[in-house]
Amino acid sequence: EDKADMNSIDHLHVPETKISDYFLSKLRKVDRVTSIKAIMDLTPENELGYQKAGKTVWSDKESMISYAISAKRKHPDKIILVRIGDFYETYGVDAIMLNNFAGLNLMKSDLKAGCPWRNVQQTLDSLTDAGFSIVIHEEMGEVDAAPGPTAKIRPRKYRAQSFIVTPGRRTYPWALNLRRD
């Protein structure tokens with residue numbers, strides 16, 4: 001069976017699809033069996049093509065998925081990589097790109113992929129070698145307004161875009177971005 005036939009994205013080619021033309025064309029080029037099979041789990045209903053257990057996931061304004069979809073809306077032609085604890089994760093279409101072009105495994109229960117923070121540059125190198133640009137979002141704690149040594153980190157985590165890695169600017173200066181000052 002021809003891989004082009006197996007790699008059908010017809011269910012994503014609907015007039016109201018929110019997946020960018022850029023990533024629709026990239027989906028046609030995946031060649032790993034796991035990536036090809038994962039395409040059938042995508043939905044045209046949001047920019048990441050991400051769904052969980054067959055239902056939409058962006059109803060909670062504060063959810064990680066909502067955050068990632070919002071970031072993808074701003075950068076439809078880039079992979080969105082979000083720091084969550086000790087890992088960088090991505091979802092949907094972007095997870096398929098990590099699986100196919102960086103060799104990372106898809107998580108069994110969900111259409112997610114990621115890497116430990118220690119391996120982020122290696123992952124970025126694989127993706128930029130394949131011609132991708134990646135938007136990186138880091139976690140940040142909100143420091144209380146109290147002056148001096150009594151300042152505390154609140155338990156809620158916030159995230160912000162920290163850097164865009166491109167084939168022309170491949171190195172992620174993460175140590176500079178993670179400093180509290």
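Start at Met97, a good way into this predicted model. Leaving aside residues up to four places away in sequence, Met97 touches Phe23, Lys26, Leu27, Val30, Ile79, Ala102, Leu127 and Phe132. Two of the names in this story, Met97 and Leu27, come up again when you look at the largest nonpolar core: it has 45 residues, and Leu27, Ile96 and Met97 are the ones that touch the most other members.

Now step back for a moment and take in the whole chain. The protein has 7 helices and 5 strands. Read from the N terminus, they come in the order α-α-α-α-β-β-α-β-α-β-β-α. Of its 181 residues, 41% count as buried. Contacts across the sequence matter for the picture too: among contacts with a separation of 6 or more, 59% are between residues 24 or more positions apart. One pair to look at in that light is Lys29 and Asn100, which sit 71 residues apart in sequence, while their C-alpha atoms are 9.3 Å apart in space. Lys29 itself is in the loop between α2 (21-27) and α3 (33-38). Is Lys29 buried or exposed? Its relative accessible area is 56%, and anything over 50% counts as exposed, so Lys29 is exposed.

Next, follow Leu127, one of the residues that Met97 touches, into helix α6. Which residues of α6 are buried? They are Val120, Thr123, Leu124, Leu127 and Thr128. Looking down the axis of α6, you'd find these buried residues within an arc of 130 degrees, so they line one face of the helix. The spacing makes sense if you remember how a helix winds: an α-helix has 3.6 residues a turn, so residues three or four places apart point the same way. Turn α6 around, and the face away from its buried side carries the exposed residues Gln122 and Asp129. Just after the helix, Gly131 takes a positive phi of about 95 degrees.

Asp129 is worth a second look. Its relative accessibility is 58%, which is why it counts as exposed. Asp129 also forms a salt bridge with Arg170, with the closest N and O atoms 2.5 Å apart. That pair links distant parts of the chain, since Asp129 is in helix α6 and Arg170 is in the loop between β5 and α7, 41 residues apart. Arg170 has another partner in the same helix: the side chains of Asp125 and Arg170 meet in a salt bridge too, at 3.5 Å from N to O. Here the two residues are 45 apart in sequence, with Asp125 in helix α6 (residues 120-129) and Arg170 in the loop between β5 (153-165) and α7 (174-177). Put the pieces together and you get a network of salt bridges linking Asp125, Asp129 and Arg170. How covered are the other two members? Asp125 is partly exposed because its relative accessibility is 26%, and Arg170 is partly exposed as well, with a relative accessible area of 29%.

A search of the whole structure finds 7 salt bridges, and there's another one to visit, in a rather different setting. Here the side chains of Glu138 and Arg83 meet, at 3.6 Å from N to O. This pair also links distant parts of the chain: Glu138 belongs to strand β4 (residues 134-143) and Arg83 to strand β1 (residues 79-84), 55 residues apart. Are these two buried or exposed? Both Glu138 and Arg83 are buried. For Glu138, the relative accessibility is 4%, so it counts as buried.

Glu138 has other polar company. A polar contact of 2.5 Å joins its side chain to that of Tyr88, and another, also of 2.5 Å, joins it to the side chain of Tyr172. Tyr88 leads you back to Arg83, because strands pair where DSSP finds bridges between them, and Arg83 stands opposite Tyr88 in β2. The strands involved, β1 and β2 (residues 87-91), pair in the antiparallel sense over 3 bridges. Their hairpin has 2 residues between the strands, and in it Gly85 takes a positive phi near 65 degrees. As for β1, 5 of its 6 residues are buried, leaving the strand mostly covered.

Technical notes:
Residues are numbered from 1 along each chain as its sequence is written. This is a predicted model: local features need pLDDT of at least 70, side-chain atom pairs count only at pLDDT 80 or more; totals for chains, interfaces and linings use all residues. Side-chain values use heavy atoms; hydrogens and water are left out. A salt bridge is a side-chain nitrogen of Lys or Arg within 4 Å of a carboxyl oxygen of Asp or Glu. Helices (H or I, at least four residues) and strands (E, at least two) are DSSP runs, numbered from the N terminus. Buried means under 20% relative accessible area, exposed over 50%, partly exposed in between (1.4 Å probe, protein chains only). A nonpolar core is a set of buried Ala, Val, Leu, Ile, Met, Phe, Trp, Tyr and Cys residues joined through side-chain atoms within 4.5 Å. Contact means heavy atoms within 4.5 Å. The arc is that of the directions from the helix axis to the C-beta atoms. A polar contact is a pair of N or O atoms within 3.5 Å; within protein, one must be able to donate a hydrogen and the other to accept it, and residues adjacent in sequence count only if both atoms are side-chain atoms.
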